[in-house]
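Visitor: Hi! I'm new to reading protein structures. Could you walk me through one?
Guide: Happy to, let's bring it up.

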Amino acid sequence: MAVSGTYTLDGLLQGPNPGDEAVENWVQQAAKSGLDFSLELDGGQFSLLASNAEKKTSRLVGGDLQSVMTAALEAFSALYGGSPAPLYSTLRSRESRGGAEIQTLYFIQPDGKVSVQSRKIGTEAPPPPPGAAAAKPKRHLLLQGCGLLALLTLLGIVSLFLVDWKELFHRTKVMVQPSQGVELESSATADYVSITISSVKQLDGYVELEIKRGPRWAEAKATDLNEPVPQAGTLPWREFLALQAVKRGYVYCCFYDERGVYTGESMLPLDQLNQQESFLGQTAIPRTRAMLKKLVVKP
């Protein structure tokens, strides 16, 4: 575990560029608050990569780590003037405080608001007060052990009726599979971009995808979408939207849980395909109580 009183950032933020100077000014303001990002610009897209160097929490300005990050990300969303922006975020933080590590994921909603999901792990027990280490009588310890054994036995009997062991076994079996039983639907863009699941990290909150150029990638890049839209029957709208996704440089990933309920979506950039045949990308899973079951890629 890291030294208490320190924090690290990880992940990236990507999306359409709201203006070179606007993003650069935001990076400078974030640094003043204690948040360090490196900026990359590629045409009309930007990428902000969080610095994962360990830093002291004393350098944060404006509150604790979670509030400073939330304020900074909402300030970034405001650069779009209140208009929804397809921002793709895998940003997360780790803070060591009081003998525990606080892990937080940051999600940017379509309305620009930031939602967070935190968990606290590795809590250390405080040292016992002086003189508390005196040995207890053996009879007292024996009675305690018998009482604990009786309680565990009772809980075991109750769990036979209350726990769905079949479902628990199924979930445990699924969790050791690379895809974890997640179904992928990507036929809408398959001619131009081939996407497959490399691995699913339900507990870590992201899916790793292998993204390749499709058989008609070169044709898509050469197509001029500023020309009049072809007549119906010549180029279906579904294909036109797929071409448009390739030209703009990203597709959308829509998430559905095990009940078939839509839980959110994120943007998956394709810009690396301009330099290489394939690459591994990540997309964050919306945090819900239910497990991810289906991932749909759409233009």
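Visitor: Let me start with one residue: does T104 count as buried or exposed?
Guide: T104 counts as buried, because its relative accessibility is 4% and the cut-off for buried is under 20%. One thing to keep in mind from the start is that this is a predicted model.

Visitor: Where is T104 found?
Guide: T104 is in strand 8.

Visitor: And what does T104 touch?
Guide: Leaving out residues up to four places away in sequence, T104 touches Q66, L91, R92, S93, V116, Q117 and S118.

Visitor: What about Q103, which also lies in strand 8: buried or exposed?
Guide: Q103 is buried, since its relative accessible area is 13% and anything under 20% counts as buried.

Visitor: Which side chain does the side chain of Q103 make a polar contact with?
Guide: That would be the side chain of E101, at 2.7 Å. Beyond its neighbours within four places in sequence, Q103 is in contact with S93, R94, Q117, S118, R119 and I121.

Visitor: Is there a general rule for where side chains point in a strand?
Guide: In a regular strand, side chains alternate between the two faces of the sheet.

Visitor: Which sheet has strand 8 in its order?
Guide: An open sheet of 5 strands, in the order 5-1-7-8-9, with antiparallel pairing. Its edge strands are strand 5 (55-56) and strand 9 (114-121), each of which pairs on one side only.

Visitor: How many bridges join strand 1 to strand 5?
Guide: There are 2 bridges between strand 1 (residues 6-10) and strand 5, and the two run antiparallel. In strand 5, K56 is the bridge partner of T6.

Visitor: Switching topic: how many cavities of 30 Å³ or more does the structure hold?
Guide: The structure holds 1 cavity of that kind. The largest cavity has about 70 Å³ of space in it.

Visitor: How do people find empty space like that?
Guide: Rolling a probe the size of a water molecule over the atoms shows where empty space is left.

Visitor: Neat! Which residues line the largest cavity?
Guide: The lining is made of S89, T90, L91, R92, L105, Y106, F107, D204, G205, Y206 and A284. Strand 8 (residues 100-108) gives the most to that lining, with 3 residues.

Visitor: What classes of residue are in the lining?
Guide: By class, the lining of the largest cavity has 6 nonpolar, 3 polar and 2 charged residues.

Visitor: S89 is in that lining, so which residue stands opposite S89?
Guide: L13 stands opposite S89, which is in strand 6. Strand 2 and strand 6 (residues 88-89) pair in the antiparallel sense over 2 bridges.

Visitor: Which other strand is joined to strand 2 by bridges?
Guide: Strand 4 (residues 45-50) is joined to strand 2 by 5 bridges, and these strands run antiparallel. G15 has F46 as its bridge partner in strand 4.

Visitor: How many residues of strand 2 are buried?
Guide: In strand 2 (residues 12-16), 4 of the 5 residues are buried, leaving the strand mostly covered.

Visitor: Why is strand 13 called largely enclosed?
Guide: Because 7 of the 8 residues in strand 13 (residues 250-257) are buried, the rest of the structure largely encloses it.

Visitor: Which strands are joined to strand 13 by bridges?
Guide: Strand 14 is joined to strand 13 by 7 bridges, running antiparallel, and there Y252 has M267 as its bridge partner. Strand 16 (residues 292-298) is joined to strand 13 by 6 bridges, also antiparallel, with L295 as the bridge partner of F255.

Visitor: What goes on in the hairpin of strand 13 and strand 14?
Guide: There are 4 residues between the strands of that hairpin, and G260 takes a positive phi near 85°.

Visitor: And where is Q272?
Guide: Q272 sits in the loop between strand 14 (262-269) and strand 15 (278-284). Q272 counts as partly exposed, because its relative accessibility is 34%. From C-alpha to C-alpha, Q272 and K212 are 9.7 Å apart in space, and 60 residues apart in sequence.

Visitor: Last one: how many helices and strands are there in the protein?
Guide: There are 6 helices and 16 strands. Of the 299 residues in the protein, 36% are buried.

Terms used:
Residues numbered from 1 in each chain as written. Predicted model: local features only at pLDDT ≥ 70, side-chain atom pairs only at ≥ 80, totals over all residues. Heavy atoms only, no water. Buried < 20%, exposed > 50% of the residue type's maximum accessible area, 1.4 Å probe, protein only. Pairing = 2+ DSSP bridges. 1 Å grid on protein atoms, 1.4 Å probe; cavity = no way out; pocket = protein on both sides within 12 Å on 5 of 7 lines; lining within 4 Å. Points joined across faces, edges and corners; volume = space filled by probe spheres on them. Nonpolar A, V, L, I, M, F, W, Y, C, P; charged D, E, K, R; others polar. Polar contact = N/O pair within 3.5 Å; in protein donor to acceptor, adjacent residues only side chain to side chain. Contact = heavy atoms within 4.5 Å.
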